[in-house]
Amino acid sequence: KNKDEIPIRFTKVPTGKAIIAKKRPQVNVQNSTSNEKSRHRDNGEVKGNVPSTAEKRPKDQVVKQEKRQVKTETHAYRPLLSKPTDSIRPPEVRPFQEKLFSEQSFDSLDIHPHSKKNIADLLQYEHLTTVQSMAIPSLLKGTDALIRAQTGSGKTLAYALPLIERLHTIRPQIHRSDGIRAVVIVPTRELAVQTYELIQKLLKPFTWIVPGYLTGGEKRKTEKARLRAGLNILIATPGRLCDHIRNTESLKFGNVCCLVLDEADRLLELGYETDVKQIIEAMREAREEKDENEAMKMQTVLLSATLTASVKELAGLTLQDPVYVETSEVVQRETPSVEQGANICTDQLLNVGDYVSIPATVKQRYLVTVPKQRLVALSALIVHGQRQKPSKILVFMATQDLVNFHYDVMTEVLTLQKFGTTVDNEASESEEDINDDNNGPTDSSNVLLPGLKFYKLHGHMTQLERISVFNEFRKATAAVLICTDVAARGIDIPLVDLVVQYHAPQILADYVHRVGRTARAGHTGKAVIFLEPAEQEFIQYLTDKHIRIQEQKIDGIIKNFGLFVNRNQKRKPINKIHWAYEIQHRYERLIKKEDQLFDSAKKDK
């Protein structure tokens with residue numbers, strides 16, 4: 001192979017894994033340029049030797065230009081606007097369509113009248129979503145199921161309602177001392193708490209059924225006491241549940257009649273495959289010890305927004321004669337449907353393609369920027385969104401160190417520092433130039449986002465901190481949450497207006513679930529992903545998966561940033577760019593002044 005060739009690995013990844021290389025490829029610009037020049041020479045062209053702009057100008061203009069460059073170099077770094085580059089223009093694609101709501105009402109379901117009234121009064125739901133209308137009738141019959149549907153489509157209610165219907169019909173009525181009857185496995189603490197809260201609401205007419213959750217973050221002694229007191233429905237994360245299987249004698253699975261694996265793709269991506277198999281094996285062993293006449297049939301439900309090869313493998317190991325619930329119209333044409341009453345076998349299941357779907361109400365954009373412009377572009381994007389309309393914004397980052405660092409600096413610069421005035425003795429020349437151009441007093445109260453709350457969320461925070469942040473952000477009408485992928489799966493945060501992926505995801509499933517935090521339950525939303533120039537091939541990869549995404553220019557974002565700073569003053573157009581320079585200077589001065597931030601900025605994130 002030619003040493004100068006750059007292999008694009010992700011186009012050859014097996015179906016269902018879609019792994020994007022963790023290390024960003026570095027393009028050999030020198031070799032690429034020389035190859036391009038040689039091609040032009042072979043074609044009789046001389047494009048490789050086009051004279052520079054400075055060579056075309058008169059000498060007096062060149063001298064003036066050099067003076068301006070010398071002056072610029074004496075200042076701190078300025079985030080120069082990007083030069084136009086050749087970007088990938090993905091072809092028009094037709095995304096996979098999934099109808100979110102069905103015409104079926106909850107009154108038409110074969111469930112207890114109290115459940116119907118409770119759903120109408122407490123949850124205020126009238127019609128089922130598509131996945132609920134397809135899944136609930138089959139689950140009420142007690143069959144195993146593999147459910148794949150887009151994020152925000154109501155999958156939790158689709159399995160929780162049949163589960164509760166099955167438990168409240170048991171006679172004599174079950175008591176908390178009867179032990180665990182249903183187990184729900186979820187990947188994160190936040191999703192466990194959210195699922196617990198929904199099941200609590202659904203259990204309002206059936207108070208004798210007791211739910212509970214085990215997620216870690218609490219003392220093991222407290223959780224053991226909860227198990228000894230008795231639980232009928234257990235929601236748990238895999239690691240903590242396996243810990244109790246090994247160390248808690250009061251944890252018994254002999255009476256379990258329902259197992260739910262929610263967000264199965266995420267469970268496997270986080271490395272919980274061994275734990276999940278251990279949990280399933282513990283349940284099988286406990287049921288084998290029971291008398292066959294006493295043990296109820298075990299129902300297993302597996303849910304996922306993406307159908308990867310590992311999910312299909314897990315389904316083959318855990319499901320018996322399952323139905324496959326699929327809401328994508330494209331996949332429905334290629335596989336047996338629940339409406340046809342067809343149970344699919346493992347062979348048919350493994351032939352299902354790696355389809356992904358994103359709500360059609362999400363407006364997806366990508367933004368190509370070099371690393372030195374990223375922080376300014378992110379700040380401008382947040383300021384623009386909040387000034388247009390108070391909104392909730394989710395910003396996904398790669399690591400907890402990046403979350404902590406950006407939370408600290410952005411909270412200070414965007415919500416506390418005043419713009420349009422000198423805040424310390426190290427005022428930048430660009431700010432002084434702007435004040436001189438305005439020829440008037442500045443507004444000393446001109447904070448960019450006064451009163452806006454910033455939150456952070458990652459896996460190394462305590463359980464109490466995570467629950468507090470999660471609940472506060474859910475209740476807020478305008479806030480910014482900077483987080484890792486701990487907030488990307490399953491959790492339902494109402495009315496998120498914008499999702500920003502500050503770092504590209506490692507796998508396709510993470511992209512789908514991050515974007516899925518907005519435009520939930522039929523609402524509209526926006527999603528933006530930041531990419532470096534060497535990562536642009538990711539857009540073609542998304543296009544190949546029928547994900548429609550368009551480019552958003554960074555130049556417009558940075559230029560328009562000046563519109564939201566000191567807007568009462570009349571400024572020359574160039575000063576809009578100078579305000580972008582100024583915010584970069586603010587970040588630099590803050591980091592230089594604070595030793596902790598300075599050390600954090602140097603970390604290998």
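## A walk through two sheets and their helices

Start by selecting helices α4 and α7: N118, I119, L122 and L123 of α4 meet L198, K201 and L202 of α7, where contact means heavy atoms within 4.5 Å. Helices (H or I, at least four residues) and strands (E, at least two) are DSSP runs, numbered from the N terminus.

Before going on, note that this is a predicted model, in which local features need pLDDT of at least 70 and side-chain atom pairs count only at pLDDT 80 or more, while totals for chains, interfaces and linings use all residues. Residues are numbered from 1 along each chain as its sequence is written, and side-chain values use heavy atoms, with hydrogens and water left out.

**Stop 1: α4, α7 and α6**

Two packed helices are described by the angle between their axes and the distance between the axes. Stay with α4 (residues 113-123) and α7 (residues 189-202): their axes come within 9 Å and cross at roughly 125 degrees. Axes here are lines fitted to C-alpha atoms, for helices over the stretch in contact, and angles run from 0 to 180 degrees between N-to-C directions. The crossing makes α4 oblique to α7; angles under 35 degrees count as roughly parallel, over 145 as roughly antiparallel, 65 to 115 as roughly perpendicular and the rest as oblique. The residues of the contact of α4 with α7 comprise five nonpolar, one polar and one charged. For these classes, Ala, Val, Leu, Ile, Met, Phe, Trp, Tyr, Cys and Pro are nonpolar, Asp, Glu, Lys and Arg are charged, and the others, Gly among them, are polar.

Keep α7 selected and add α6 (155-168). The axes of α6 and α7 come within 10 Å and cross at roughly 45 degrees, which makes α6 oblique to α7. Which way does α6 pass α7, in a left-handed or a right-handed crossing? The crossing is right-handed; that is the word if the near helix is turned clockwise from the far one by less than a right angle, and left-handed applies if anticlockwise. On the α6 side, show T156, L157, Y159, A160, L161 and I164; they meet T195, L198, I199 and L202 in α7. This contact has eight nonpolar, two polar and no charged residues.

Next, colour residues 104-133, where UniProt places the feature "domain: DEAD-box RNA helicase Q" (unreviewed entry). UniProt positions follow the numbering used here, feature names are shortened, and annotations may be inferred rather than shown by experiment. The end C-alpha atoms of this span lie 7 Å apart, and 50% of the span is helix and 17% strand.

**Stop 2: the sheet from β5 to β9**

Now show the open sheet of seven strands in the order β5-β6-β4-β7-β8-β3-β9, with parallel pairing. Two strands pair if DSSP finds at least two bridges between them. At the edges are β5 (211-214) and β9 (323-326), each pairing on one side only. From one strand to the next, the twist averages 15 degrees. Zoom in on β5 and β6 (residues 233-236), which pair in the parallel sense over four bridges; here L214 stands opposite A236 in β6.

Two helices are worth adding. Helix α5 (residues 130-140) lies across β3 (145-148), β8 (299-304) and β9, running at about 165 degrees to β9. Helix α11 (residues 273-288) lies across β4 (182-185) and β7 (258-261), at about 175 degrees to β7.

**Stop 3: two backbone details**

Most residues other than glycine have a negative phi, and most peptide bonds are trans. Select R171 and P172: a cis peptide bond joins them, with omega about -5 degrees. P172 is in the loop between α6 and β4. Then go to D321, which is not a glycine yet has a positive phi of about 45 degrees; D321 lies in the loop between α12 (309-318) and β9.

**Stop 4: the sheet from β12 to β16**

Another open sheet of seven strands follows the order β12-β13-β11-β14-β15-β10-β16, with parallel pairing. Its edge strands are β12 (453-457) and β16 (550-551), each pairing on one side only. Strands β11 (residues 392-396) and β13 (residues 479-483) pair in the parallel sense over five bridges, and I393 has V480 of β13 as its bridge partner. Add helix α19 (residues 508-515), which lies across β10 (362-368), β11, β14 (498-501) and β15 (525-531) and runs at about 150 degrees to β14.

**Last stop: α15 and α16**

Finish with α15 (residues 374-388) and α16 (residues 400-415), whose axes come within 12 Å and cross at roughly 55 degrees. That makes α15 oblique to α16. Show L375, L378, S379, I382 and V383 of α15 with H406, M410 and L414 of α16 to see the contact: six nonpolar residues, two polar and no charged.
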